[in-house]
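User: I'd like to learn how to read strands, burial and a ligand site from a set of coordinates. Could you walk me through an example?

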Amino acid sequence: MERTMRRIAVLTSGGDAPGMNAAIRAAVRCGIAAGAEMWGVRNGYAGLMAGDMAPLDLRTVGGIINRGGTMLGTSRPPEMYEEPGQRLAVAHLNERDIEGLVVIGGNGSQSGSLALHRLGVSVVGVASTIDNDLAVVDTSIGVDTALNTAVGAVDRLRDTASSHHRAFVVEVMGRHSGYLATMIALASGAEQVLIPEMPTTTQAVLDRIREAYAAGKPHCIIIAAEGSPLPAATLHEEIRHQHAGVYETRLVVLGHVQRGGAPTVFDRLLGTRLGAAAVDALIAGERAILAGLAGGAIRHIPLGDAIQPCIKVDERLYRLGETLAQ
Ligand code: F6P
C-alpha cells in the first residue's frame, strides 16, 4: 500500500546557508507530488513556537532555486533548547494536524529536532550549515558556496597584498570548527591557517611570517577561523607591533559575506537531493534521521549520531597546506 502523510511542515533554522531554498523547493514539490499538503514555518524555531506557519503551494516555491538565504526566514531562539519552548512548538504542530516536520539546519538546529522527536513529533532533518559541523556527513548545504565566496575574496586580497608587499590576516567563519578556514587556506595558497583544532603561539606565527619574508614572498596571507585561539584582531596588532620593517599588515574580517550569495551548482543539487530525500523518508515512515551526504551518497543518519561533537579538519590536509606554503 502506498503511504503518504496528510500534512508536512518545513522550517529552516540557525545560520542561513546558500542552497536552503533549493531544499525547501524540493521538499514542497515532492511532498505535494506524494499527496501531502505542505506548510512553511516562518523564521525557524521562533516561528514554530509562535505558531507562525502557512500552507505552501507549487508556485510559492518558484524562482528560489537560484537564491541565497532562506525564503522562510530563520532564527536561533535559546528557548528552543528548553522544554517549555519545545512543548509550545509541539502544541502548534498538533493544533494544525501537522503529521511530519522537516528541519533544514546545522548542529544546534538538529539537536532541536531530536528534542521534538522525543516529545512525539515525526521529524526528519536536512544537513545544512556552512560550518560543516555535523558528524558523519561529508559536506552540508552551503559549504561549497561559502568556500567559493571566501576563496574569491582571498584571491582579490592576494592581488593587492602582493602589489604592496603586505601581510593580510583574514578572519573567516567557523566559531567551533576550522574546516572552512583549512579548506579556504588550501584552495587559496595561503601561507598560514589558524584554527581551533590546531592551537599555535603568536611566536610561531611571527616566525612563519619572517620565513615568508626571508624566502622572498611578495605577500603573506594568514587565514584565521573565527574560533581560533589566537583571535585575528589580536594577531594583527601583534604583527604590527613586532614586524615593523618587514610586511605592513592589514586585517580583513570576511564575516557574513560568506553566508550570502547565489548557491553554487553543487549546493543547488545537494539542496534539491536532500530536500527530496527528507520528505521521501518521512512518508516512508523514517523518524529522527538526518538526510545527508555521507560517503558520497545520500544517506539517512540517526539524528543522535549527526549531532555528536566531531572534528572535520583532516590533519593530513592541514599539514599539506603547510608544506605547500613554503
Ligand atoms: O552559520 C554558522 C555561522 O556562520 C558560524 O560560523 C558563525 O559563528 C555564526 O554562524 C554567526 O552567526 P550569527 O548569524 O548569529 O552572527
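Analyst: Happily; we will go through some strands, one helix residue and the ligand site of this predicted model.

User: Let's begin with strands. How should I read the two faces of a strand?

Analyst: The general idea is that in a regular strand the side chains alternate between the two faces of the sheet. Now take strand β10, residues 289–294. On one side it has I289, A291 and L293, and on the other L290, G292 and A294. Each of these is buried, so both faces are covered, given that buried means under 20% relative accessible area.

User: Which strands does β10 pair with, and in what sense?

Analyst: With β5, residues 123–127, the pairing is parallel and has three bridges. With β11, residues 297–302, it is antiparallel and has six bridges. A291 is a handy residue to click on: V126 stands opposite A291, and H300 is the bridge partner of A291 in β11.

User: What should I look at in the hairpin of β10 and β11?

Analyst: Look at the residues between the strands and their backbone angles. Two residues separate β10 and β11 in this hairpin, and G295 has a positive phi near 60°.

User: Back to β5, then. How many of its residues are buried?

Analyst: Five of the five residues in β5 are buried. V123, G125 and A127 lie on one side, with V124 and V126 on the other, and both faces are covered. β5 also runs parallel to β4, residues 100–105, and five bridges join the two. One place to see that pairing is L101, whose bridge partner in β5 is V123.

User: Where can I practise the same reading on another strand?

Analyst: Try β6, residues 166–172, where seven of seven residues are buried. R166, F168, V170 and V172 point one way, while A167, V169 and E171 point the other way. Notice that charged residue names such as R166 and E171 are on this buried list too.

User: Which strands does β6 run parallel to?

Analyst: β6 runs parallel to β9, residues 248–253, with six bridges, and to β8, residues 220–225, again with six bridges. For β9, find A167, which stands opposite T249. For β8, find V169, whose bridge partner is I222.

User: Now a helix residue. Why does A22 count as buried?

Analyst: The idea is to compare relative accessibility with the cut-off. A22 counts as buried because its relative accessibility is 0%. This residue lies in helix α1, residues 20–33. A distance check adds some context: the C-alpha atoms of A22 and G63 are 9.7 Å apart, although 41 residues separate them along the chain.

User: Finally, the ligand. Which residues surround it?

Analyst: Start with the neighbours and then move to individual atom pairs. The ligand is surrounded by G15, R76, I130, D131, M173, G174, R175, E226, H256 and R259.

User: What are the distances from oxygen atoms of the ligand to D131, G174 and H256?

Analyst: A polar side-chain atom of D131 is 2.7 Å from a ligand oxygen. For G174, a polar backbone atom lies 3.1 Å from an oxygen atom of the ligand. For H256, the distance is 2.8 Å, between an N or O atom of the side chain and a ligand oxygen. Taken alone, the ligand exposes 400 Å², and the protein buries 80% of that.

User: Which pocket does the ligand take up?

Analyst: The ligand takes up the space of the largest pocket.

Notes:
Residues are numbered from 1 along each chain as its sequence is written. This is a predicted model: local features need pLDDT of at least 70, side-chain atom pairs count only at pLDDT 80 or more; totals for chains, interfaces and linings use all residues. Side-chain values use heavy atoms; hydrogens and water are left out. Buried means under 20% relative accessible area, exposed over 50%, partly exposed in between (1.4 Å probe, protein chains only). Helices (H or I, at least four residues) and strands (E, at least two) are DSSP runs, numbered from the N terminus. Two strands pair if DSSP finds at least two bridges between them. A residue is near a molecule or strand if one of its heavy atoms lies within 4 Å of it. A polar contact is a pair of N or O atoms within 3.5 Å; within protein, one must be able to donate a hydrogen and the other to accept it, and residues adjacent in sequence count only if both atoms are side-chain atoms. Accessible areas come from the Shrake-Rupley method with a 1.4 Å probe; for residues, only the protein chains shown count as cover. On a 1 Å grid over the protein atoms alone, a cavity is a set of points where a 1.4 Å probe fits but cannot get out, and a pocket is an open set with protein on both sides within 12 Å along at least five of seven lines; lining residues have an atom within 4 Å of a point. A molecule sits in a cavity or pocket if more than half of its atoms lie within 2 Å of its grid points.
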